[in-house]
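The following exercises concern the structure shown below. Each task is followed by a solution that proceeds step by step.

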Amino acid sequence: MGQKVNPIGLRTALNKNWESRWFAKKDVFGNWLHEDLKIRKHIKEKFASAAIARIQIERFSSRIRITIFSARPGLLIGKKGAELDGLKQEINKFTENKEIFIDIAEIRRAEVNAQLVSENIAMQLERRIGFRRAMKKSIQTAMEMGVDGIKIHCSGRLGGAELARDEQYKEGRVPLHTLKALIDYG
C-alpha cells in the first residue's frame, strides 16, 4: 500500500501558506479552530454558486480578517455590498464579539485553479454528464490556459455502474516528488 501525502500539506511553509493564520494559547485554540471550520462551512454553503476556491482567515487580538478567493465575486458582494453586510452579521454569530473584515479576491482564470476544476467536474457528474467527457474537457481547457500538467482521478460508481472503480487521466508533467514545484490540489 502506497503512502499518500497531501501535496499542499507537504509544501506548506516551502511555497504554500496556511489557510488560517493566527496564534492562540492552549485554552482557546480548539474554540478558534472550530470557529474557523464553521465560518468556512457557512460561506461555502451559502455561496455555493460563487465558485469559491479558498477561504483564508487571519485573527488579531479583537479582529478577524476573512479573505474569500472567488471566480465570481459579484455573487458574494451583491447589490451595493448588501450580501457582504448580511454575511458579516451571520459570521458575527459564530464569533465572540470580534470585529470582522471581509475581503474578496477575484480569481481571473478559474480553469487553472485545481479546486474550481474539481468542483466543476463534480457538478457535471451530478448533472449526469459522462465522466470521461467531463474529465477530458477539463484537462483540455486547463492545458489551453497554459498549465504545465494536470492529473484528474475520479472514483466511485462511475456511469452508474454496479461496481465502483476509479479512472485517472494525466497530461503534461505533474512532479509530485519535487518540493519546489507549484502543485495545486483540489
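**Exercise 1. The sheet**

Determine the order of the strands in the open sheet and identify its edge strands.

Solution. Step 1: the open sheet consists of four strands, ordered β1-β2-β3-β4, with mixed pairing. Strands (E, at least two residues) and helices (H or I, at least four residues) are DSSP runs, numbered from the N terminus, and two strands pair if DSSP finds at least two bridges between them. Step 2: β1 (20-21) and β4 each pair on one side only, and these are the edge strands. Step 3: β1 and strand β2 (residues 52-59) run parallel and are joined by two bridges. S20 stands opposite I57 in β2.

The model is predicted: local features need pLDDT of at least 70, side-chain atom pairs count only at pLDDT 80 or more, and totals for chains, interfaces and linings use all residues. Residues are numbered from 1 along each chain as its sequence is written, and side-chain values use heavy atoms, with hydrogens and water left out.

**Exercise 2. Helix α4**

Establish which residues of helix α4 are buried, and what they pack against.

Solution. Step 1: in α4 (residues 82-94), the buried residues are L84, L87 and I91. Buried means under 20% relative accessible area, exposed over 50%, and partly exposed in between (1.4 Å probe, protein chains only). Step 2: viewed along the axis of α4, these buried residues lie within an arc of 60°, so they line one face of the helix; the arc is that of the directions from the helix axis to the C-beta atoms. Step 3: Q89 and K93, on the other side of α4, are exposed. Step 4: the partners of the buried residues of α4 are α2 (26-46), β3 (63-70), α3 (73-77) and β4 (99-106), where contact means heavy atoms within 4.5 Å.

**Exercise 3. Helix α2**

Compare the end-to-end distance of α2 with its expected span, then locate its buried face.

Solution. Step 1: the expected span of a helix is 1.5 Å times one less than its number of residues. Step 2: α2 has 21 residues and should therefore span 30 Å; its end C-alpha atoms lie 31 Å apart, which agrees. Step 3: W32, E35, D36, I39, R40 and I43 are the buried residues of α2. Seen down the helix axis, the buried residues of α2 fall within an arc of 130°, so they line one face. Step 4: K41 and E45 are exposed on the face turned away from this buried side. Step 5: the elements covering the buried residues of α2 include β1, β2, β3 and α4.

**Exercise 4. Salt bridges**

State how many salt bridges there are, and describe the pairs formed by R65, E106 and R132.

Solution. Step 1: side chains of opposite charge can pair when their charged atoms come close. A salt bridge is a side-chain nitrogen of Lys or Arg within 4 Å of a carboxyl oxygen of Asp or Glu, and by this rule the count is 10.

Step 2: R65 and D103 form a salt bridge with an N to O distance of 2.9 Å. This pair links distant parts of the chain, with R65 in strand β3 and D103 in strand β4, 38 residues apart. R65 is partly exposed at 29% relative accessibility, and D103 is partly exposed at 30%.

Step 3: E106 and R108 form a salt bridge at 3.1 Å, N to O. E106 is partly exposed, at 43% relative accessibility, whereas R108 is exposed, at 72%.

Step 4: R132 and E167 form a salt bridge in which the closest N and O atoms are 3.1 Å apart. R132 belongs to helix α6 (residues 131-144) and E167 to strand β6 (residues 165-172), so the pair ties together parts 35 residues apart in sequence. R132 is partly exposed, at 39%, and E167 is buried, at 16%.

Step 5: E35, D36 and R59 are joined into one network by salt bridges that share partners.

**Exercise 5. Positive phi**

Which loops hold A51 and K80, and is each residue buried or exposed?

Solution. Step 1: most residues other than glycine have a negative phi. Step 2: A51 is not a glycine, yet its phi is positive, at about 55°. A51 is placed in the loop between α2 and β2 and is buried, with 15% relative accessibility. Step 3: K80, also not a glycine, has a positive phi of about 55°. K80 lies in the loop between α3 and α4 and is exposed, with a relative accessible area of 88%.
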